[in-house]
Amino acid sequence: MTSTPVHTPVLLFEVLDNLVLPPAARILDLTLGMGGHAEAILARCDPDSRYLGVDRDPEARQAAKQRLGSDARLNILASSYEDVWTNHTFEAWQALQAPDGLDAILMDLGVSTLQLKSPARGFSFRDEGPLDMRMDTENGPTALQWIAEQSDTTLADAIYQFGEERASRPIARAILKVFNEGRLHTTADLAEAVHSVLPMTAALKRQHRSDTATRTFQAIRIAVNGELVRLAESIERAIQQLRPGGRLAVISFHSLEDRIVKQTLRRLSGIYDGPGRESPTVLPKVVRLIHAGGITPSSAESQANPPSRSARLEFLPRFS
Ligand SMILES: C[S@@+](CC[C@H](N)C(=O)[O-])C[C@H]1O[C@@H](n2cnc3c(N)ncnc32)[C@H](O)[C@@H]1O
């Protein structure tokens with residue numbers, strides 16, 4: 001019998017310490033996952049509070065429902081956070097009852113342990129599984145179908161852009177060679193193709209270095225799930241939903257996400273950050289960062305939960 005992997009919520013105490021949860025709090029969790037943060041936040045909220053949890057992964061929603069389903073303050077919505085602002089969510093928004101705006105919004109970006117540790121989901125090179133990698137298992141192309149649509153150039157560009165992998169070109173060629181020979185089916189096949197270019201040498205293993213396939217897996221996962229495409233827009237939309245004084249907490253896990261959070265923040269802080277700087281537009285100030293540089297996990301948390309090591313938490317309070 002396989003047991004469901006447990007996802008340990010990252011930077012939990014820091015999230016709890018910095019959110020402002022008044023009586024009858026109104027909270028939107030855009031990445032509910034297995035409900036770890038939700039459970040802890042709800043434990044601090046009174047019976048009149050309302051919590052809307054959004055996730056695009058059916059398995060995650062099911063796990064959160066099992067964990068928290070009996071809590072009448074919680075509603076769970078099947079949606080991606082990019083689409084949560086549109087009309088089909090009307091009923092869920094109504095359940096949230098927040099005409100004056102929200103007190104807290106949480107975005108805990110990226111994949112969960114549930115996804116990473118389930119071989120059948122195809123996210124991990126450690127356990128062999130089908131090349132899927134979709135967060136929303138009911139929609140969109142799998143990683144294998146996505147790779148099938150790529151040329152050497154587009155695949156290399158994605159691996160470079162989303163994995164910051166310098167060997168992106170030979171890796172892309174190696175992956176497509178294996179694919180064209182009909183030998184690319186599983187995460188192990190993909191890892192092997194990457195290792196044919198960047199071998200996991202005994203020296204790298206001895207030094208406990210990350211697997212050389214990590215960056216390529218990250219890149220393909222980001223591309224398949226369109227993870228960064230509308231992140232800036234979603235952060236901006238989230239801030240618009242906060243009441244003055246409300247706070248948006250964003251946990252990012254790699255520099256690409258973090259860069260988008262920072263750029264969006266600078267734009268909304270009144271500093272024009274886009275192209276055409278010669279004629280800067282000063283926007284009205286709507287947010288600021290609470291902790292310059294963000295909050296990173298304590299060494300105790302990094303040791304106890306190694307995936308948390310790269311996490312960074314930014315709080316963006318709205319003040320107008
Ligand atoms: C790091 S986990 C969140 C874990 C959660 N905070 C907890 O404590 O259990 C990220 C979750 O966000 C979901 N997710 C990622 N991108 C999403 C998107 N664009 N829309 C909705 N959910 C998304 C994933 O399916 C995953 O379950």
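Which residue in β2 stands opposite L28? I looked this up first and found L52. The model I am reading is predicted.

**Strand β1 and its neighbours**

I took β1, residues 26-29, as my starting point. R26 and L28 point one way from this strand, whereas I27 and D29 point the other way. I noted that all of them are buried. This agrees with the general pattern that side chains in a regular strand alternate between the two faces of the sheet.

I then checked the pairing of β1 on each side. With β2, β1 runs parallel, and four bridges join the two strands. With β4, residues 102-108, β1 also pairs in the parallel sense, over three bridges. In β4, I found L106 as the bridge partner of D29. I also recorded that β1, α2 and β2 make a β-α-β unit, and that the unit is right-handed.

**The sheet as a whole**

I traced the strand order as β3-β2-β1-β4-β5-β6, an open sheet of six strands with mixed pairing. At the edges I found β3 (74-78) and β6 (312-317); each has a single partner strand, so one side of each is left without a neighbour in the sheet. Averaged over neighbouring strands, the turn of one against the other is 15°, with direction ignored.

**The β5-β6 end**

I looked next at β5, residues 242-252, which runs antiparallel to β6 and is joined to it by six bridges. One of the residue pairs I followed is R247, whose bridge partner in β6 is P317. Across β5 and β6 lies helix α13, residues 255-268, which runs at about 155° to β5.

**The ligand shell**

I listed 20 residues around the ligand. P9, T31, G33, G36 and S80 come nearest. By class, I entered the shell as six nonpolar, nine polar and five charged residues. Among the elements that supply at least two shell residues each are α2 (36-43) and β2 (50-55). I noted that these two elements also belong to the β-α-β unit with β1.

**A loop residue**

Is S151 buried or exposed? I counted 10 C-beta neighbours inside 10 Å; because a residue with 12 or fewer is exposed, S151 counts as exposed. I placed S151 in the loop between α6 (143-148) and α7 (152-163). As a last entry, I recorded the separation of the C-alpha atoms of S151 and R173 as 8.9 Å, the two residues being 22 residues apart along the chain.

How values were computed
Residues numbered from 1 in each chain as written. Predicted model: local features only at pLDDT ≥ 70, side-chain atom pairs only at ≥ 80, totals over all residues. Near = placed C-beta within 6 Å. Nonpolar A, V, L, I, M, F, W, Y, C, P; charged D, E, K, R; others polar. Pairing = 2+ DSSP bridges. Axes fitted to C-alpha atoms, helices over the stretch in contact; angles between N-to-C directions. Contact = placed C-beta atoms within 7 Å. Buried ≥ 20, exposed ≤ 12 C-beta atoms within 10 Å, placed from the backbone. Right-handed = clockwise from strand over helix to strand, strands pointing away.
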